[in-house]
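I opened this notebook page to record what I looked up on enclosed space and on one annotated region. The entries follow in the order in which I made them.

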2 protein chains.
Amino acid sequence: MVVERTDAARNRRAILRATEELLVQHGPERISLDLVAATAGVGKGTVFRRFGSRTGLFQELLADRAAGIREAIGSGSPPLGPGAPPRERLLGFLDELAQLAAKNIALIAAHEQACAADKHSDPTYLCWHGHVTGLIRQVQPDADADFLAHTLLGTFDADLVRHLTAHGGEARLRVSTRSLATALLR
Amino acid sequence: MVVERTDAARNRRAILRATEELLVQHGPERISLDLVAATAGVGKGTVFRRFGSRTGLFQELLADRAAGIREAIGSGSPPLGPGAPPRERLLGFLDELAQLAAKNIALIAAHEQACAADKHSDPTYLCWHGHVTGLIRQVQPDADADFLAHTLLGTFDADLVRHLTAHGGEARLRVSTRSLATALLR
């Protein structure tokens, strides 16, 4: 039983690693479950049973890469975690997302394309949107927090991340997002 | 020669109308050039030669539906056209886009999915972004107008349009976009 679980965890890591490698090498269009399985050295059935589809694969890979941020905002130390003033928590969170997006642009683009029919129901997006909405409500109770949260997270649109980092690197993405948040919350 | 041009124009209108009808009835996934040709009553070759691909079809349909706005900002009367103060022109333009997006949500979604790999190079988006950037520069010369223009246009993301209009109708979309612009330009 323990051996099976260990195998499953190892397969999962191999599949996610293969997906990431293929994304960086080829872009999302050419990635199929077959190719991921072959690259990871597992059967196609294993990939299919665990992830269901390309969309599931990209969603899970993003959730995995964002797991550290999710833990930090839930129970980490300030300014990301509970305890810091909401404005600082928000700016700290946006900095983390800027770093994540700049480092994982191929994944962000693939995830966005795969989820294009319904971005808002992706589990990672839902988590981010819920966190940002809650913090905005604390800072500015009369704002349309739901809308402003979508707007702030819109900065991590793949085309925009690519454009901003191409003209100013990760710093421009971070500064742009911070200044947007500051303008919206004054 | 005149007859041929008239035929071409009539075919173009029939193809765009068929695309729009199919979008509203079925959503983007099931739309193919074959189906559009059959619905419009023209040969597949005609659709292919004129539009090239599904992406070309959705880009052209959006450009067609946005043609009135494009003319109004170029040479129409104020507040959309030249002559009004830039802040008023911007708010007027965003109102028009809100109306366009709310009325053409199926098209906005299809266009976004088809252009997902490179939204920023779509001709209609380029025109809108250029206009908004220019107006922001006039209102606030020290702002990152390029970034703020992408952020403002991000409000017309299909999922966000669907979400906002489902909870407050076209009015919420218009008010949200206006208040975002006002917050960013004070």
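Which residues line the second largest cavity? I worked from a predicted model. From chain A, I listed Glu112(A), Ala116(A), Lys119(A) and Asp157(A) in this lining. From chain B, I listed Glu112(B), Gln113(B), Ala116(B), Lys119(B) and Asp157(B). By class, I noted two nonpolar residues, one polar residue and six charged residues. I recorded a volume of about 60 Å³ for this second largest cavity.

I then checked how many cavities the model holds. The count is three at a volume of 30 Å³ or more.

I turned next to the largest cavity, for which I noted a volume of about 820 Å³. Its lining comprises 40 residues. Nearest its centre I found Lys119(A) and Asp157(A), together with Lys119(B), Gly154(B) and Asp157(B). I sorted the lining into 18 nonpolar, 14 polar and eight charged residues.

I also looked up which helices each supply at least two residues of that lining. In chain A they are H7 (105–114), H8 (123–139) and H9 (145–153). In chain B they are H6 (86–103), H7 (105–114), H8 (123–139) and H9 (145–153).

Last, I consulted the UniProt record for chain A. An unreviewed entry there lists residues 32–51 as "DNA-binding region". Over residues 32–51 of chain A, I noted 80% helix and 0% strand. The end C-alpha atoms of this stretch are 12 Å apart.

How values were computed: Residues numbered from 1 in each chain as written. Chains lettered and ligands numbered in written order. Predicted model: local features only at pLDDT ≥ 70, side-chain atom pairs only at ≥ 80, totals over all residues. Heavy atoms only, no water. UniProt positions renumbered as here; feature names shortened; annotations may be inferred. Helix = DSSP H or I, 4+ residues; strand = E, 2+ residues; numbered from the N terminus. 1 Å grid on protein atoms, 1.4 Å probe; cavity = no way out; pocket = protein on both sides within 12 Å on 5 of 7 lines; lining within 4 Å. Points joined across faces, edges and corners; volume = space filled by probe spheres on them. Nonpolar A, V, L, I, M, F, W, Y, C, P; charged D, E, K, R; others polar.
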